[in-house]
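Colleague: I am new to this structure and should like to understand the terms used for it. Please show it to me first.

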Amino acid sequence: MHHPPPAFFSRSAHMVWLGVFLAICSSGCNGTKADPTEIVIGHYGSMTGSEATFGESTDNGIKLAVEEINAIGGINGKKIRLITYDDKGDAREAGTAVTRLVTKDRVVAVIGEVASGLSLAGAPVCQENGVPMISPSSTNPKVTKVGDLIFRVCFIDPFQGSVCAKFARESEKLKASKAAILTDQASPYSVGLQEEFEKAFAALGGTVVSKQTYQAGDQDFSAQLTAIRGAEPDVIFVPGYYTDVGNIALQAKKLGINTALLGGDGWDSSKLGEIGGKALDGCFYSNHYSHQDPSDRVQDFIKKYNAKHKQTPDGLAALGYDAARILFQSMQSAKSLGGADLAAELAKTKNFDGVTGRISIDADRNAVKPAVILEMKDGEPHFVTTIQPGE
Ligand code: PHE
């Protein structure tokens with residue numbers, strides 16, 4: 001019998017092992033091997049940085065929903081496993097996080113982001129890879145226009161802008177005829193909401209007397225605030241995120257400005273009152289939820305959330321919870337967990353009884369829902385009124 005020389009033999013053995021290794025790699029190295037007893041979903045959010053409460057609260061809301069569904073046996077016998085990545089509030093990090101979720105972790109769906117600018121970074125990755133994405137809270141209209149796999153469970157800014165304008169013009173508390181606006185010029189959310197407010201305020205007979213801009217993270221707003229003070233507005237619209245808004249409120253007070261600030265959902269954070277304190281007294285913002293809503297729907301959620309996370313949920317916690325529950329409901333009835341089947345089911349969502357209101361997904365994959373107006377007092381938001389769509 002012919003024996004190959006030892007050197008050749010060991011070389012071919014190596015080749016065989018290399019082949020085996022490559023075969024394992026192609027299924028395991030760039031995609032975690034699926035565990036047939038679980039369903040993996042992803043979340044990307046700002047868990048650190050100046051919008052850290054956005055990501056933390058959303059994640060806490062999602063986790064509560066995951067715990068609840070798993071406690072009743074998961075979905076069709078499979079447990080849900082959540083993978084969360086911190087995008088640090090950065091668009092590039094958001095894109096990387098979503099790429100990792102869809103290509104490496106092979107999630108069946110992605111929840112996120114909060115900030116519209118970051119959802120706009122993550123959504124194209126989901127769309128291209130055939131994975132549905134649900135933003136719990138991005139309100140800029142462009143987000144769901146990225147494609148037919150991109151959904152949201154919150155209202156959009158043409159509505160939010162008109163809610164703010166209506167409140168500014170018509171509420172007894174403001175009765176404003178002149179508005180100043182201070183916009184974060186690099187934020188798609190801020191710029192978009194500012195445009196919608198301006199349009200709606202003018203349509204209601206109001207005048208915008210000063211338009212100023214800043215960049216997220218700025219520390220000195222005195223030039224803009226001094227210009228605004230000179231224009232003598234009845235209200236100052238600040239469609240920004242909470243850290244900047246808190247700082248703006250403090251500096252406005254220092255400059256002797258007692259005009260009310262008014263903003264959108266970007267103010268929603270327990271940190272807002274910690275930063276701005278009493279400087280925010282008598283300021284207002286629109287939001288998706290009030291923890292003072294006495295309905296069982298809201299109070300039951302607060303009880304469960306508080307038991308798990310030892311804090312009062314903000315609007316983002318409620319939206320994260322609602323987004324996850326709508327996803328689970330769709331998973332339960334979808335033909336398969338493939339992107340197209342799951343998206344088809346998400347698109348059918350009608351009258352879902354969410355913590356943040358009745359949620360129906362419209363033809364543009366947006367939700368149509370009421371907004372609430374909250375007033376800051378001693379660092380805490382207080383419920384003022386609810387404004388229905390089409391009112
Ligand atoms: N709507 C904001 C955006 O689109 C995000 C946000 C929602 C922030 C709700 C706080 C609360 O950027």
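Modeller: The questions below concern the ligand and the space around it.

Modeller: This is a predicted model, in which local features need pLDDT of at least 70 and side-chain atom pairs count only at pLDDT 80 or more, while totals for chains, interfaces and linings use all residues. Residues are numbered from 1 along each chain as its sequence is written, and side-chain values use heavy atoms, without hydrogens or water.

Colleague: What makes a residue count as near the ligand, and which residues come nearest?

Modeller: A residue is near if one of its heavy atoms lies within 4 Å of the molecule. There are 14 residues around the ligand, and Ser-116, Ser-137, Thr-139, Tyr-241 and Asp-265 come nearest.

Colleague: Why is the pair between Ser-116 and the ligand called a polar contact?

Modeller: A polar contact is a pair of N or O atoms within 3.5 Å. A polar side-chain atom of Ser-116 lies 2.4 Å from an oxygen atom of the ligand, so the pair meets that limit. Thr-139 places a polar side-chain atom 2.8 Å from a ligand nitrogen atom, and a polar backbone atom of Ser-137 is 3.0 Å from a nitrogen atom of the ligand.

Colleague: How much of the ligand does the protein bury?

Modeller: The protein buries 100% of the 320 Å² that the ligand exposes when taken alone, by the Shrake-Rupley method with a 1.4 Å probe.

Colleague: What makes a space a cavity, and what is its volume here?

Modeller: On a 1 Å grid over the protein atoms alone, a cavity is a set of points where a 1.4 Å probe fits but cannot get out. The structure holds 1 cavity of 30 Å³ or more, and the largest cavity has a volume of about 100 Å³. The ligand takes up the space of this largest cavity.

Colleague: How do you know where the largest cavity lies with respect to the domains?

Modeller: Domain 1 (8–155 + 296–355) and domain 2 (157–287 + 372–387) both contribute residues to its lining, so the largest cavity lies between them. The domain bounds come from an automatic or database assignment.

Note on methods:
A polar contact is a pair of N or O atoms within 3.5 Å; within protein, one must be able to donate a hydrogen and the other to accept it, and residues adjacent in sequence count only if both atoms are side-chain atoms. On a 1 Å grid over the protein atoms alone, a cavity is a set of points where a 1.4 Å probe fits but cannot get out, and a pocket is an open set with protein on both sides within 12 Å along at least five of seven lines; lining residues have an atom within 4 Å of a point. A molecule sits in a cavity or pocket if more than half of its atoms lie within 2 Å of its grid points. Grid points are joined across faces, edges and corners, and a volume is the space filled by probe spheres set on the points.
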